[in-house]
Amino acid sequence: MEGLFALLSFICFIAIPVGLMHPEWVIRWGEEKTKEKVVRYYGVGLWASLTLGFAFSREFTLIEALGANTMIASAIALFVGRRNPEMVIGWGSKEERTSKNVSVYYGTALAGSVVLIMISTLIQPIFELMG
(Lines give C-alpha, C1' and ligand atoms only; values in the text may rest on other atoms or scores of the structure.)
Protein backbone atom coordinates (compact mmCIF):
# COMPACT_ATOMS: atom_id res chain seq x y z
CA MET A 1 0.00 0.00 0.00
CA GLU A 2 2.86 2.35 0.85
CA GLY A 3 4.42 1.63 -2.55
CA LEU A 4 1.26 2.76 -4.35
CA PHE A 5 1.23 6.07 -2.48
CA ALA A 6 4.95 6.51 -3.09
CA LEU A 7 4.40 5.97 -6.83
CA LEU A 8 1.50 8.45 -6.92
CA SER A 9 3.59 10.98 -4.98
CA PHE A 10 6.46 10.57 -7.42
CA ILE A 11 4.21 10.99 -10.46
CA CYS A 12 2.62 14.15 -9.02
CA PHE A 13 6.02 15.48 -7.93
CA ILE A 14 7.33 15.14 -11.49
CA ALA A 15 4.10 16.37 -13.12
CA ILE A 16 4.08 19.71 -11.26
CA PRO A 17 7.30 21.23 -12.66
CA VAL A 18 6.73 19.67 -16.10
CA GLY A 19 3.16 21.02 -16.13
CA LEU A 20 4.29 24.48 -15.08
CA MET A 21 6.42 24.57 -18.22
CA HIS A 22 4.01 22.72 -20.56
CA PRO A 23 0.52 22.21 -19.07
CA GLU A 24 -0.71 20.34 -22.14
CA TRP A 25 1.81 17.54 -21.46
CA VAL A 26 0.30 16.57 -18.10
CA ILE A 27 -3.36 17.55 -18.40
CA ARG A 28 -5.02 15.24 -20.91
CA TRP A 29 -8.67 16.13 -20.18
CA GLY A 30 -10.75 19.24 -20.76
CA GLU A 31 -10.18 22.07 -23.15
CA GLU A 32 -8.53 24.52 -20.76
CA LYS A 33 -5.01 23.38 -19.87
CA THR A 34 -3.48 25.99 -17.58
CA LYS A 35 -0.67 26.15 -15.06
CA GLU A 36 -3.22 26.86 -12.34
CA LYS A 37 -4.99 23.58 -13.08
CA VAL A 38 -1.67 21.73 -13.00
CA VAL A 39 -0.93 23.05 -9.52
CA ARG A 40 -4.51 22.43 -8.40
CA TYR A 41 -4.79 18.83 -9.64
CA TYR A 42 -1.28 17.54 -9.09
CA GLY A 43 -0.67 19.60 -5.95
CA VAL A 44 -3.75 18.12 -4.31
CA GLY A 45 -2.75 14.69 -5.61
CA LEU A 46 0.74 15.07 -4.15
CA TRP A 47 -0.58 16.25 -0.82
CA ALA A 48 -3.20 13.48 -0.62
CA SER A 49 -0.81 10.69 -1.61
CA LEU A 50 1.84 11.88 0.85
CA THR A 51 -0.72 12.19 3.63
CA LEU A 52 -2.12 8.72 3.03
CA GLY A 53 1.34 7.26 2.52
CA PHE A 54 2.54 8.64 5.84
CA ALA A 55 -0.69 7.60 7.55
CA PHE A 56 -0.27 3.97 6.42
CA SER A 57 3.42 3.93 7.30
CA ARG A 58 4.26 2.37 10.63
CA GLU A 59 7.31 4.57 11.10
CA PHE A 60 5.52 7.89 11.54
CA THR A 61 3.00 9.16 14.02
CA LEU A 62 0.00 11.05 12.71
CA ILE A 63 1.44 14.35 13.95
CA GLU A 64 4.73 13.70 12.16
CA ALA A 65 2.88 12.79 8.97
CA LEU A 66 0.78 15.96 9.07
CA GLY A 67 3.86 18.04 9.84
CA ALA A 68 5.80 16.48 6.97
CA ASN A 69 2.92 17.01 4.55
CA THR A 70 2.47 20.61 5.64
CA MET A 71 6.20 21.13 5.23
CA ILE A 72 6.19 19.72 1.69
CA ALA A 73 3.03 21.58 0.64
CA SER A 74 4.35 24.85 2.10
CA ALA A 75 7.70 24.46 0.37
CA ILE A 76 6.01 23.83 -2.99
CA ALA A 77 3.63 26.77 -2.50
CA LEU A 78 6.54 28.99 -1.46
CA PHE A 79 8.53 28.01 -4.54
CA VAL A 80 5.61 28.45 -6.96
CA GLY A 81 4.15 31.51 -5.22
CA ARG A 82 7.35 33.53 -5.32
CA ARG A 83 7.04 33.57 -9.11
CA ASN A 84 3.26 33.79 -9.37
CA PRO A 85 1.51 34.77 -6.10
CA GLU A 86 -1.99 34.49 -7.56
CA MET A 87 -1.51 30.75 -8.04
CA VAL A 88 -1.14 30.05 -4.32
CA ILE A 89 -3.07 32.89 -2.66
CA GLY A 90 -6.70 32.49 -3.62
CA TRP A 91 -8.16 34.78 -0.99
CA GLY A 92 -8.15 38.51 -0.37
CA SER A 93 -7.90 41.38 -2.80
CA LYS A 94 -5.57 41.56 -5.77
CA GLU A 95 -3.28 43.95 -3.86
CA GLU A 96 -2.79 41.35 -1.09
CA ARG A 97 -1.56 38.70 -3.53
CA THR A 98 2.14 39.59 -3.46
CA SER A 99 5.29 37.53 -3.30
CA LYS A 100 6.00 39.11 0.10
CA ASN A 101 2.71 37.76 1.47
CA VAL A 102 3.47 34.37 -0.05
CA SER A 103 6.72 34.38 1.91
CA VAL A 104 4.94 35.40 5.10
CA TYR A 105 2.07 32.90 4.84
CA TYR A 106 3.87 29.86 3.51
CA GLY A 107 7.17 30.61 5.25
CA THR A 108 5.30 30.65 8.56
CA ALA A 109 3.57 27.38 7.68
CA LEU A 110 6.92 25.86 6.72
CA ALA A 111 8.57 26.94 9.97
CA GLY A 112 5.55 25.80 11.99
CA SER A 113 5.60 22.36 10.41
CA VAL A 114 9.30 21.94 11.19
CA VAL A 115 8.64 22.92 14.82
CA LEU A 116 5.71 20.47 14.94
CA ILE A 117 7.90 17.62 13.71
CA MET A 118 10.65 18.51 16.18
CA ILE A 119 8.25 18.64 19.14
CA SER A 120 6.63 15.38 18.10
CA THR A 121 10.03 13.71 17.82
CA LEU A 122 11.02 14.96 21.27
CA ILE A 123 7.86 13.89 23.10
CA GLN A 124 7.29 10.56 21.33
CA PRO A 125 9.71 8.64 23.62
CA ILE A 126 7.81 9.93 26.65
CA PHE A 127 4.55 8.48 25.36
CA GLU A 128 6.28 5.19 24.52
CA LEU A 129 7.56 4.93 28.09
CA MET A 130 4.09 5.63 29.48
CA GLY A 131 2.34 3.09 27.21
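## Exercises on an all-helix chain

P85 is buried, since its relative accessibility is 12%. That residue opens the first exercise; please keep in mind throughout that the model is predicted.

**Exercise 1. Place P85 in its helix and find which residues it touches beyond its sequence neighbours.**

Solution. Start with the element: P85 lies in helix α5. Next, check the burial class, for which the cut-off is under 20% relative accessible area. P85 has 12%, so it counts as buried. Now look for partners, setting aside residues up to four places away in sequence: P85 touches R97, T98, S99 and V102. Finally, take one of these pairs and look at the backbone. P85 and R97 are twelve residues apart in sequence, and their C-alpha atoms are 5.6 Å apart.

**Exercise 2. Do the same for P23: is it buried or exposed, and which residues does it touch?**

Solution. P23 is located in helix α2, which covers residues 23-26. With a relative accessible area of 9%, P23 is buried. Leaving out residues up to four places away in sequence, its contacts are K33, T34, K35 and V38. For a contrasting pair, go to G67: this residue is 44 places from P23 in sequence, and the C-alpha to C-alpha distance is 29 Å.

**Exercise 3. Describe the overall make-up of the chain: how many helices and strands does it have, and what share of its residues is buried?**

Solution. Count the elements to begin with: there are six helices and zero strands. Read from the N terminus, the order is α-α-α-α-α-α. For the extent, a box along the principal axes that holds the C-alpha atoms is roughly 55 × 35 × 20 Å. For burial, 29% of the 131 residues count as buried. Last, consider the sequence range of the contacts. Among those between residues at least 6 apart in sequence, 48% join residues at least 24 apart.

**Exercise 4. Work out how helices α3 and α4 are arranged relative to each other, and list the residues that meet.**

Solution. Helix α3 spans residues 35-56 and helix α4 spans residues 62-83; their axes come within 9 Å and cross at roughly 160°. Angles over 145 degrees count as roughly antiparallel. The two helices α3 and α4 are therefore roughly antiparallel to each other. The handedness of their crossing is right-handed.

Now turn to the residues. On the α3 side are V39, L46, W47, L50, T51, F54 and A55, and on the α4 side are A65, A68, N69, I72, A73, I76 and V80. Sorted by type, the residues of this contact are twelve nonpolar, two polar and no charged.

**Exercise 5. Identify which residues touch the most other members of the largest nonpolar core, and which helix gives the most to this core.**

Solution. The core has 21 residues, and those touching the most other members are L20, V26, Y42, V80, M87, V88 and Y106. Next, see which elements contribute: α1 (2-21), α3, α4, α5 (85-88) and α6 (99-130) each supply at least two residues. The helix that gives the most is α3, with six residues. As background, nonpolar side chains in soluble globular proteins tend to be buried together.

Then follow one core member outward. Leaving aside neighbours within four places in sequence, V88 is in contact with A77, V80, G81, V102 and Y106.

**Exercise 6. Examine S74, V104 and T121: is each buried or partly exposed?**

Solution. Take S74 to begin with. This residue is in helix α4 and is buried, at 4% relative accessibility. Apart from residues up to four places away in sequence, S74 touches Y106, A109 and L110.

Move on to V104, in helix α6. Its relative accessible area is 42%, so V104 is partly exposed. The C-alpha atom of V104 is 9.3 Å from that of L78, with their positions 26 residues apart along the chain counted as separation.

End with T121, whose place is also in helix α6. T121 counts as partly exposed, at 42% relative accessibility. Paired with I63, T121 is 58 residues away in sequence and 9.4 Å away in space, C-alpha to C-alpha.

Key:
Residues numbered from 1 in each chain as written. Predicted model: local features only at pLDDT ≥ 70, side-chain atom pairs only at ≥ 80, totals over all residues. Heavy atoms only, no water. Axes fitted to C-alpha atoms, helices over the stretch in contact; angles between N-to-C directions. Parallel < 35°, antiparallel > 145°, perpendicular 65-115°, else oblique. Left-handed = near helix turned anticlockwise from the far one by under 90°. Contact = heavy atoms within 4.5 Å. Nonpolar A, V, L, I, M, F, W, Y, C, P; charged D, E, K, R; others polar. Core = buried A, V, L, I, M, F, W, Y, C linked by side-chain atoms within 4.5 Å. Buried < 20%, exposed > 50% of the residue type's maximum accessible area, 1.4 Å probe, protein only.
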